[in-house]
Amino acid sequence: MARRKIALIGAGQIGGTLALLTGLRKLGDVVLYDVVPDMPQGKALDLQHLAPVFQCDFSIKGTNDIADIEGADVCIVTSGLPRKPGMSRDDLVRTNAEIVRTVGEGIKKYAPNSFVIVVTNPLDAMTWLMQQVTGFPAAKVAGMAGVLDSARYRAFLAEELQVSVSSVSAFVLGGHGDDMVPVRSFTTVNGVPVANLISAERLDAIEKRVRGAGGEIVALLKSGSAFYSPAASAIEMAESYLLDQRKVVAAAAQCQGQYGVTDGLYIGVPVIIGAGGIEKIVEIPLSDAEQSELAASVERVKGLLALCA
Ligand code: TXD
């Protein structure tokens with residue numbers, strides 16, 4: 001059986017890390033595309049030299065021609081500008097909307113059967129725009145943010161309790177913004193509700209840090225934003241699709257009434273990802289507070305869509 005083909009649209013900090021992780025996880029062959037002349041070719045050559053060291057057989061092509069993504073099974077889109085200190089994710093909307101519109105046309109033309117994972121911020125609006133531009137079925141266009149935000153929640157809880165990260169299960173839903181919704185009522189440590197293990201005050205502080213975790217990294221890096229954990233999170237979604245793992249993760253998916261969200265809006269919800277893409281949106285009972293926080297997050301995302309038109 002031929003190796004699968006993964007197209008990475010954007011070869012910057014996250015794109016380059018995606019290429020590395022795709023090779024190490026042996027997910028398939030890689031096309032690394034960017035508009036910066038020669039840069040993706042340089043990163044691809046570097047990764048080709050890595051392959052023998054880690055004994056991972058995969059081909060990788062760096063290119064400035066989007067036609068080279070022809071026939072890709074998965075497209076992971078990171079093309080766009082990252083935040084600078086003091087900027088919100090939403091400040092990127094106009095610039096990145098133009099970029100996403102351009103690459104979306106290329107994906108529609110050259111990879112019409114691919115599963116598209118959008119990473120570019122503002123995430124929920126860019127994922128909605130990608131689905132609009134490609135016209136792909138909603139199940140084949142998803143946004144990566146919930147896996148990352150949930151991982152941040154899990155990491156902080158594991159640190160607080162001094163337990164293995166693999167023992168912590170968490171959901172962070174809603175838009176990928178400061179109003180994201182850590183769902184405390186469904187966050188557990190090996191099945192034990194986290195509220196039974198950590199005080200409400202500490203959980204409030206941890207959840208505040210989760211919402212601000214992206215900005216905390218931007219402030220420390222001074223230029224650029226997080227890239228290792230976003231790349232790893234997108235790889236988990238791609239792997240669940242390519243290997244039909246049917247993992248239940250938080251991801252930006254198109255809602256048609258679920259969680260009271262209608263008119264095809266993309267927002268972070270629990271989903272099953274398998275060979276069909278977003279196989280199902282899983283509806284979990286939220287507390288009144290969690291539901292109203294989600295509704296507020298939805299309103300913010302709606303406001304961004306108007307700026308994408
Ligand atoms: O959880 C999440 N979804 C977020 C997403 C987590 C962290 C970063 N988030 C966003 O991802 C960030 O705000 C940006 O919008 C994207 C990509 O972040 P990255 O750190 O990888 O940015 P870089 O290093 O600037 O890389 C972006 C690349 C860069 O090399 C540009 O030349 C390229 O995108 N680019 C393009 N490639 C192809 N086609 C076009 N039109 C294009 N325009 C820019």
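**View 1. Residue classes in the shell around the ligand.** In this predicted model, the shell around the ligand is made up, by class, of 16 nonpolar, 10 polar and one charged residues. The ligand is surrounded by 27 residues, and the closest of these are Gln 13, Ile 14, Asp 34, Val 119 and Met 144.

**View 2. Polar side chains facing the ligand, and a backbone contact.** Two side chains place polar atoms by oxygen atoms of the ligand: for Asn 96 a polar side-chain atom lies 3.4 Å from a ligand oxygen, and for His 176 the distance between an N or O atom of the side chain and an oxygen atom of the ligand is 3.2 Å. Asn 121 contributes through its backbone, with an N or O atom located 3.3 Å from an oxygen atom of the ligand. Taken alone, the ligand exposes 860 Å², and the protein buries 89% of that area.

**View 3. The pocket and the elements that contribute to the shell.** The ligand occupies the largest pocket, and the elements that give two or more residues to the shell around it are α1 (13–24) and α3 (93–110). The largest share of that shell comes from α3, which supplies three residues.

**View 4. The ligand in relation to the two domains.** Residues of the shell come both from domain 1 (5–144) and from domain 2 (146–307), and the ligand therefore lies between these two domains.

**View 5. The cis peptide bond at Pro 122.** Asn 121, whose backbone has an N or O atom 3.3 Å from a ligand oxygen, is joined to Pro 122 by a cis peptide bond with omega of about -10°. Pro 122 itself belongs to the loop that runs between β5 (115–118) and α4 (123–134).

**View 6. The backbone at Gln 162.** Gln 162, found in the loop between α5 (146–161) and β7 (168–169), has a phi near 55°, which is a positive value in a residue other than glycine.

Terms used: Residues numbered from 1 in each chain as written. Predicted model: local features only at pLDDT ≥ 70, side-chain atom pairs only at ≥ 80, totals over all residues. Heavy atoms only, no water. Near = heavy atom within 4 Å. Polar contact = N/O pair within 3.5 Å; in protein donor to acceptor, adjacent residues only side chain to side chain. Areas by Shrake-Rupley, 256 points an atom, 1.4 Å probe, with all protein chains shown as cover. 1 Å grid on protein atoms, 1.4 Å probe; cavity = no way out; pocket = protein on both sides within 12 Å on 5 of 7 lines; lining within 4 Å. Sits in = over half its atoms within 2 Å of the grid points. Helix = DSSP H or I, 4+ residues; strand = E, 2+ residues; numbered from the N terminus. Nonpolar A, V, L, I, M, F, W, Y, C, P; charged D, E, K, R; others polar. Domains from an automatic or database assignment.
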